[in-house]
Amino acid sequence: MRDYSLVKINLTGGIASPGMLEGILLMAQKAGVKEVSIGARQQLLMWVKADTQRGSGLPSLRESLEAMHIDFEIDTHQYPNIISSYCAQEVFQTGQWLSEGIYRDVLDGFDFQPQLKINISDYQQSFTPFFTGNLNFIASSIPNFWYLYIRQKQSNTIFRFPLLIYTLEISKVSKRLEGILLSGVDLSEEEIYEKMIAQGEIISQLVQEDLVLPQFMLPYYEGFNRYGNKTWLGIYRRHETFEVAFLLDVCKICLDTKVGQICTTPWKSLIIKGIENQDRASWDKLLGKYGINVRHAANELNWQVEDHCQEGLALKNTIIREFDQEDIRTFGLCFAIQTRSKSEVFGSVVIKKRKILAGLTQVYDVYHTVDFNPNTRQLVLFEKGLHKAHIAEILQRLTKRYYHRSTASVIEKPSPPQANPTSTHQVHQCKVCMTIYDEKLGDSQQGIKAGTKFEALPDNYCCPVCDSEKENFEVKTVETTYQL
């Protein structure tokens, strides 16, 4: 019987208002929680004495969270958090049209708890992962339209949806695809597309050009940093836990100085944006009060281990110490440790534990991703069957290979594997706003039934988005399935 239960609270998009977070932390503190942590999907995690134990605070915590209408799970992982690159907005290089308001439009549109992993990403940043979700929405260069890359559960095969999805349609598309992908039926890419569009029209555009992602380069995400006339603060903890008392003081300063949001990151850290110059001293004092160090070495920040994995943290710290002793450069790389077979971690170098001799002992295999770009998710074996003591040495050899490759040729900007169409069909697209009329869908807004050919539309038919006349539509070919 377990003495403690894991309580998970999804912070949608990795965004928490100081007032809401303060309320959660006060309830957690009342339940006996002294430390919390941030998960790889930007969620809040805490261990609470199980309700089977005397003096458990779990029943009261459950009741309080329900009263505040806060979604949570206890010892289950049915509803993964929606993660987003909002934490990088403003402070790191990002796209031209994405803004806080657009992120809010996307995230506020979800009126259900997704059971699939959903990623909302700016295409120009490299701080948050692109393809760790089942539904990966990536902003295109066209304002308010997003690429969609789909990865079915327990699969590394990703395919690109043939249409760009409009911002306000993301939640609708996600709900439809969740019903399709979780139906228990093994479907091809084409069948997924057909089932999706059969449920009704969506505002979309044809994919006109391939997605090109930036070269991966993890920015330094800790400490005080100026942007414009304000400052942002990144806080990382080596043991991946935050004292509840410290976070309550963080919330208090945010409320006192009118900082409206606290962001969690996939690197299990916090980012506070919008700190005014006159308030910087208050933050310095707070960090001093709790002895918080905000200048860790970059080769410690570029690691990801599984949530609540002391074994992975211990191995990470051992390797980092050896890196420090040998003064090893790791710029441009990120590392991940996987100790559980079905867990997911993000890294350009991945260390996987493997049990041998009927589970009596274990060894470690070292992989790197294609082109050392963690977003490809395609692993190449570098060394297998290692004892724990030899991992750091092998990683040093691997870093040398990476830098030899980097200096031997110019590194092109990485892009996801190119998709090959296996099926196409023709649609009609408005030349003014790029809205598509697909005869398979029809146009429910104007009473046009599915299956109605474009030629059979009335002469006064017009675009449902911009009211452009029928003659302003042109024939386009849609690629309906891709194999990556």
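This is a short walk through the sheet, the cores, the salt bridges and two buried residues of the structure. The model is a predicted one.

Start with the sheet. Five strands make up an open sheet, in the order 2-16-17-14-13. Their pairing is antiparallel. Strands of a sheet pair through backbone hydrogen bonds, and the pairing can be parallel or antiparallel. Which strands stand at the edges? Strand 2 (15–16) and strand 13 (223–227) do. Each has a single partner strand, so one side of each is left without a neighbour in the sheet. Now look inside the sheet. Strand 16 covers residues 262–264, and strand 17 covers residues 270–275. These two strands run antiparallel and are joined by two bridges. Take T264: its bridge partner in strand 17 is L270.

Next come the nonpolar cores. In soluble globular proteins, nonpolar side chains tend to be buried together. The largest nonpolar core here has 68 residues. Which of them touch the most other members? They are F137 and W146. Several elements each supply at least two residues of this core. Among them are the helices 3 (100–108), 4 (170–181) and 5 (189–197). Strands contribute too, including strand 7 (118–121), strand 8 (135–139) and strand 9 (145–151). Strand 9 gives the largest share, six residues. Another core lies apart from this one and holds 43 residues. F242, L248, I262 and I275 are among its members.

Turn to the charged side chains. The structure holds 19 salt bridges. One of them pairs E311 with K353, and their closest N and O atoms are 3.2 Å apart. This pair links distant parts of the chain, 42 residues apart. E311 sits in helix 9 (residues 310–326), while K353 sits in strand 20 (residues 349–356). E311 is partly exposed, at a relative accessible area of 33%.

A second pair is E439 and K453, whose side chains meet in a salt bridge at 3.5 Å, N to O. Where do these two residues lie? Both E439 and K453 are in the loop between strand 24 (436–437) and strand 25 (473–483), so the pair ties together parts that are 14 residues apart in sequence. E439 counts as partly exposed, at 29% relative accessibility. K453 is also partly exposed, at 48%.

A third salt bridge joins the side chains of E474 and K476, at 3.9 Å from N to O. E474 is partly exposed, with a relative accessible area of 31%. K476 counts as partly exposed as well, at 25% relative accessibility. Salt bridges can also form a network: here one links K117, R151, E344 and R377.

Two single residues complete the walk. E169 is found in the loop between strand 11 and helix 4. Is E169 buried or exposed? Its relative accessible area is 8%, so E169 is buried. Beyond residues up to four places away in sequence, E169 touches I202 and I203.

G57 lies in another loop, between strand 4 (44–49) and helix 2 (58–67). G57 counts as buried too, at 9% relative accessibility. Which residues is G57 in contact with, leaving aside its neighbours within four places in sequence? They are A31, V48 and K49. G57 and A31 are 26 residues apart along the chain, yet their C-alpha atoms are separated by 4.0 Å.

Key
Residues are numbered from 1 along each chain as its sequence is written. This is a predicted model: local features need pLDDT of at least 70, side-chain atom pairs count only at pLDDT 80 or more; totals for chains, interfaces and linings use all residues. Side-chain values use heavy atoms; hydrogens and water are left out. Two strands pair if DSSP finds at least two bridges between them. Helices (H or I, at least four residues) and strands (E, at least two) are DSSP runs, numbered from the N terminus. A nonpolar core is a set of buried Ala, Val, Leu, Ile, Met, Phe, Trp, Tyr and Cys residues joined through side-chain atoms within 4.5 Å. Buried means under 20% relative accessible area, exposed over 50%, partly exposed in between (1.4 Å probe, protein chains only). A salt bridge is a side-chain nitrogen of Lys or Arg within 4 Å of a carboxyl oxygen of Asp or Glu. Contact means heavy atoms within 4.5 Å.
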